[in-house]
Amino acid sequence: MAIGVIMLADGCAIHSKKNIYLEDNVMNLAKFPRRRYTYYETPIEYLANLTKVMGGPKIYMKHDDLLGLTSGGNKTRKLEFLMAEALEQGCDTILTCGAVQSNHCRLTLAAAVKEGLKCQLVLEERVAHSYNPDASGNNFLFKLLGVEAVRVVPGGTDMLGALNQLADELRAQGRKPYVVPGGGSTPLGALGYVSCAQELLQQSFDMGVNFDHIVCPSGSTGTHAGLLSGILGNNANIPVTGISVNRKKEIQTDAVFSLTQRTMELLECENKPTKDKVVVFDDYVGPGYSLPTQGMVDAVQLLARTEAILMDPVYTGKTMAGFLDLIRKGYFDGCENVLFLHTGGSPALYAYENTILNGVK
């Protein structure tokens, strides 16, 4: 049994003989500074009611909607590594960007609050005139959490350029900003999902359940690429399928593959990813990012009414719609156990109330 390494919030490392997947420290995360915002493993739940309804493989859910920070979500894992770097650099202000109901912005702001830092947001109106400063959902939480400033820009804006411009303005005022790119999807941020892969592999062993397939949302690519890096780096050989929520298959595949390569290089992993390991479906995006589809509405309602689980309208709702459709089409035939990664986002539901209850008009 190999020795695993666990990184504590204060930067100290302890060793555990529990994790059988870290042979010869293939994926040694302990060399990277890390903050801790979640002090437990997120649970894996067997969805018996949904499995019965679908009549397909046994469906399990990894509950990253229960991660730490305000209302949880996948960005928490990425921020543990990104915020550690910001603190090491002595930064006093965190800058990030996202759509007008961005879960990533909510969680980045929450991490800044935890660390006693200021936070400013750049929000992109990916749908024209969609920003409402008085909206519910994450917009309400931005104000409640005490965001220092919000800058709204038109759809199609170079968001990294906008963040860097804002950073330059703050430096001119004598401040020390740290830029977190959209979704926290850098090789450093993706380490959060390398960690998640190692966590779920250990849970699989402890549960005595072998997962034949993993399904996750594929957006800014950090979650998909990090998870794939962790699975490949630990020689787990479990297929990972991503459901795109924003881009066409070819573009998304290239983006996920690029970040997977860079993440595994950061880890100095001997295993080299191949592009055929990146599987993306773009059939469930609908008219565009954050724009509702009836499939999403049906999936959100089904999960609420069979398992009392809230999905979000932008990421997990569309991903679940794709997952359920793929089950119906026989994509998972031959699989006994399939794992769905719930990446959170339920606060955004409250900005889509009428659509979720009454459907897409």
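1. A good place to start is burial: 58% of the 361 residues of the protein count as buried. Please keep in mind as you read that this is a predicted model.

2. Next, the overall build. The protein has 11 helices and 12 strands. Its C-alpha trace spans about 60 × 55 × 35 Å along the principal axes. How does the radius of gyration fit a compact globule? For 361 residues such a globule would have a value near 21 Å, and the protein has 20 Å, which agrees.

3. On contacts, look at how far along the chain the partners lie. Among contacts between residues at least 6 apart in sequence, 77% join residues at least 24 apart.

4. Now the surface and the charges. The accessible surface comes to about 14,900 Å², and 51% of that belongs to carbon and sulfur atoms. There are 33 positive and 37 negative side chains; the centres of these two sets lie 2 Å apart.

5. The aromatic rings deserve a slower look. A pair of aromatic rings is described by the distance of the centres and the angle of the planes. The structure holds 7 aromatic pairs. One of them joins Phe281 and Tyr331 edge-to-face, with 5.2 Å centre to centre and 90° between the planes. This pair links distant parts of the chain, 50 residues apart: Phe281 sits in strand S11 (residues 279-281), while Tyr331 is in the loop between helix H10 (316-328) and strand S12 (337-342). Is Tyr331 buried, partly exposed or exposed? Its relative accessible area is 30%, so Tyr331 is partly exposed.

6. A second pair is worth finding in the viewer. Tyr289 and Tyr315 are also edge-to-face, at 5.8 Å centre to centre and 75° between the planes. Which parts of the chain does this pair tie together? Tyr289 lies in the loop between S11 and helix H9 (294-307), and Tyr315 in the loop between H9 and H10, so the pair ties together parts that are 26 residues apart in sequence. Both Tyr289 and Tyr315 are buried.

7. Ring pairs also build a cluster. Its members are Phe281, Phe323, Tyr331, Phe332 and Phe340. Phe281 and Tyr331, the edge-to-face pair of point 5, therefore make a handy way into this group.

8. Two backbone angles may catch your eye. Thr221 has a phi near 90°, a positive value in a residue other than glycine. Thr221 lies in the loop between strand S9 (213-218) and helix H7 (222-233). Its relative accessibility is 5%, so Thr221 counts as buried.

9. The other angle belongs to Ala308. Here phi is near 55°, again positive in a residue other than glycine. Ala308 is placed in the loop between H9 and H10, the loop that also holds Tyr315. Is Ala308 buried or exposed? With 67% relative accessibility, Ala308 counts as exposed.

10. Finally, a glycine in a helix. Gly230 lies in helix H7, and at 0% relative accessibility Gly230 counts as buried. What is Gly230 in contact with, leaving aside its neighbours within four places in sequence? The partners are Met27, Val194 and Ala197. Gly230 and Leu191 are 39 residues apart in sequence, and their C-alpha atoms are 8.4 Å apart in space.

Note on methods
Residues numbered from 1 in each chain as written. Predicted model: local features only at pLDDT ≥ 70, side-chain atom pairs only at ≥ 80, totals over all residues. Heavy atoms only, no water. Helix = DSSP H or I, 4+ residues; strand = E, 2+ residues; numbered from the N terminus. Rg over C-alpha atoms; globule rule 2.2 N^0.38 Å. Buried < 20%, exposed > 50% of the residue type's maximum accessible area, 1.4 Å probe, protein only. Contact = heavy atoms within 4.5 Å. Areas by Shrake-Rupley, 256 points an atom, 1.4 Å probe, with all protein chains shown as cover. Lys, Arg positive; Asp, Glu negative; His and termini not counted. Charge placed at Lys NZ, Arg CZ, Asp CG, Glu CD. Phe/Tyr/Trp six-rings, centres within 6.5 Å; stacked < 30°, edge-to-face > 60°.
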